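Good morning, and thank you for coming. I would like to take you through one protein chain and the ligand that accompanies it.

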Amino acid sequence: MLYNIALPRRYAIVPAQKLNFFWSFKIMAFIVAATGNQHKLAEYAQLLADQDIEVKSLNDYPNYPEPEENGSSFAENASIKAAAASKYCDVPAFADDSGLEVEALDGRPGIHSSRYAPSDPERIAKLLKELEGKENRRARFVCVIAIAANGEVLETFEGEVKGTILTSPRGENGFGYDPIFQPDGFDKSFAELTQEEKNRISHRAMAYAKALEFVDEELSILDGGF
Ligand code: IMP
């Protein structure tokens with residue numbers, strides 16, 4: 001059992017489940033849950049590079065039975081994925097759910113972003129077609145990260161980046177809808193930014209920063225409150 005370690009007496013006042021979670025955080029893996037998406041993993045690997053945390057992904061658990069993502073929001077889907085992964089892998093887990101919301105399409109493709117069409121080029125083509133003749137090309141990328149332990153979700157964190165949908169794809173980097181999304185304040189699409197530049201402003205980076213703040217705060221309560 002991963003959490004079966006002798007704890008100093010001062011930790012005794014902390015609720016057992018929380019303590020197990022944050023104590024284990026200090027000593028072991030933090031899993032990127034429910035994604036085999038190499039692009040996402042690469043972004044998280046860079047975001048987590050400074051942390052003293054071992055990152056694993058579900059690729060390290062080849063028999064993992066992926067849960068059905070049947071939530072009706074990014075937060076619900078992220079929670080389903082994080083809870084299932086933490087239970088199966090028996091370590092704290094985080095999962096994200098993300099997508100593109102386009103104003104003129106009443107928020108579509110939203111939580112259906114990855115299933116909007118069979119491939120990235122087809123998804124982009126479909127979106128551009130639906131926006132033909134529309135003046136309003138405002139959109140936002142949203143990412144919700146859920147953190148879970150022992151099958152229970154502890155918190156969710158939302159990040160967003162606002163921008164405009166271009167009229168044709170530009171750039172070779174990134175993935176998904178990156179070539180047609182131009183973030184506010186830039187004259188380049190996400191796919192024309194380097195991964196480092198994208199990671200400074202992306203929806204995933206924003207959600208990740210909030211999640212890390214939460215973890216740091218909880219750890220400092222454990223470390224300093226006695
Ligand atoms: P999921 O979060 O793995 O369910 O899928 C999110 C889908 O939204 C991806 O497959 C992409 O189509 C899209 N998406 C999410 N984040 C990004 C991003 O940073 N760039 C481009 N597309 C994204």
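**The chain, its ligand and its loops**

In the side chain of His203, an N or O atom is 3.1 Å from a nitrogen atom of the ligand. I begin with that pair, and I should say at once that what you see is a predicted model. Two further pairs involve the backbone. At Ser98, a backbone N or O atom lies 3.0 Å from an oxygen atom of the ligand. At Tyr177, a backbone N or O atom lies 3.2 Å from a nitrogen atom of the ligand. How much of the ligand's accessible area does the protein cover? On its own the ligand has 480 Å² of accessible area, and the protein covers 92% of that.

Which elements give two or more residues to the shell around the ligand? They are strand E3, residues 93-102, and helix H6, residues 203-224. The largest share belongs to E3, with three residues. In total, 16 residues surround the ligand, and the closest are Lys40, Ser98, Asp178, Lys198 and Arg204. By character, the shell holds seven charged residues, six polar ones and three nonpolar ones.

Let me now turn to the chain as a whole. It contains six helices and six strands. In sequence order, their pattern is α-β-α-β-α-β-α-β-β-β-α-α. The chain has 226 residues, of which 47% count as buried. Its exposed surface is about 11400 Å², with carbon and sulfur atoms supplying 49% of that area. Among contacts in the chain with a separation of 6 or more, 59% are accounted for by residues 24 or more positions apart.

A word on confidence is in order. The average pLDDT of the chain is 81, and 77% of the residues score at least 70. Where does pLDDT stay under 50? One such stretch is residues 1-17, for which the model has 30 contacts beyond four places in sequence. Another is residues 222-226, with 13 contacts beyond four places in sequence.

I come next to the backbone geometry. Most residues other than glycine have a negative phi, and most peptide bonds are trans. With that in mind, please look at the loop between E3 and helix H4, residues 120-131, where Pro109 lies. The peptide bond from Arg108 to Pro109 is cis, with omega near -5°. Asp106 also lies in the loop between E3 and H4. Although Asp106 is not a glycine, its phi is positive, at about 55°. Is Asp106 buried or exposed? Its relative accessibility is 76%, so Asp106 counts as exposed.

The other positive phi I wish to show belongs to Asn150, where the value is near 50° in a residue other than glycine. Asn150 lies in the loop between strand E4, residues 138-149, and strand E5, residues 152-165. Because its relative accessibility is 33%, and the partly exposed class runs between 20% and 50%, Asn150 counts as partly exposed.

To close, I return to the ligand. The protein covers 92% of its accessible area, and the shell around it draws its largest share from E3. Thank you; I would be glad to take questions.

Technical notes: Residues numbered from 1 in each chain as written. Predicted model: local features only at pLDDT ≥ 70, side-chain atom pairs only at ≥ 80, totals over all residues. Heavy atoms only, no water. Near = heavy atom within 4 Å. Polar contact = N/O pair within 3.5 Å; in protein donor to acceptor, adjacent residues only side chain to side chain. Areas by Shrake-Rupley, 256 points an atom, 1.4 Å probe, with all protein chains shown as cover. Helix = DSSP H or I, 4+ residues; strand = E, 2+ residues; numbered from the N terminus. Nonpolar A, V, L, I, M, F, W, Y, C, P; charged D, E, K, R; others polar. Buried < 20%, exposed > 50% of the residue type's maximum accessible area, 1.4 Å probe, protein only. Contact = heavy atoms within 4.5 Å. pLDDT = per-residue confidence, 0-100.
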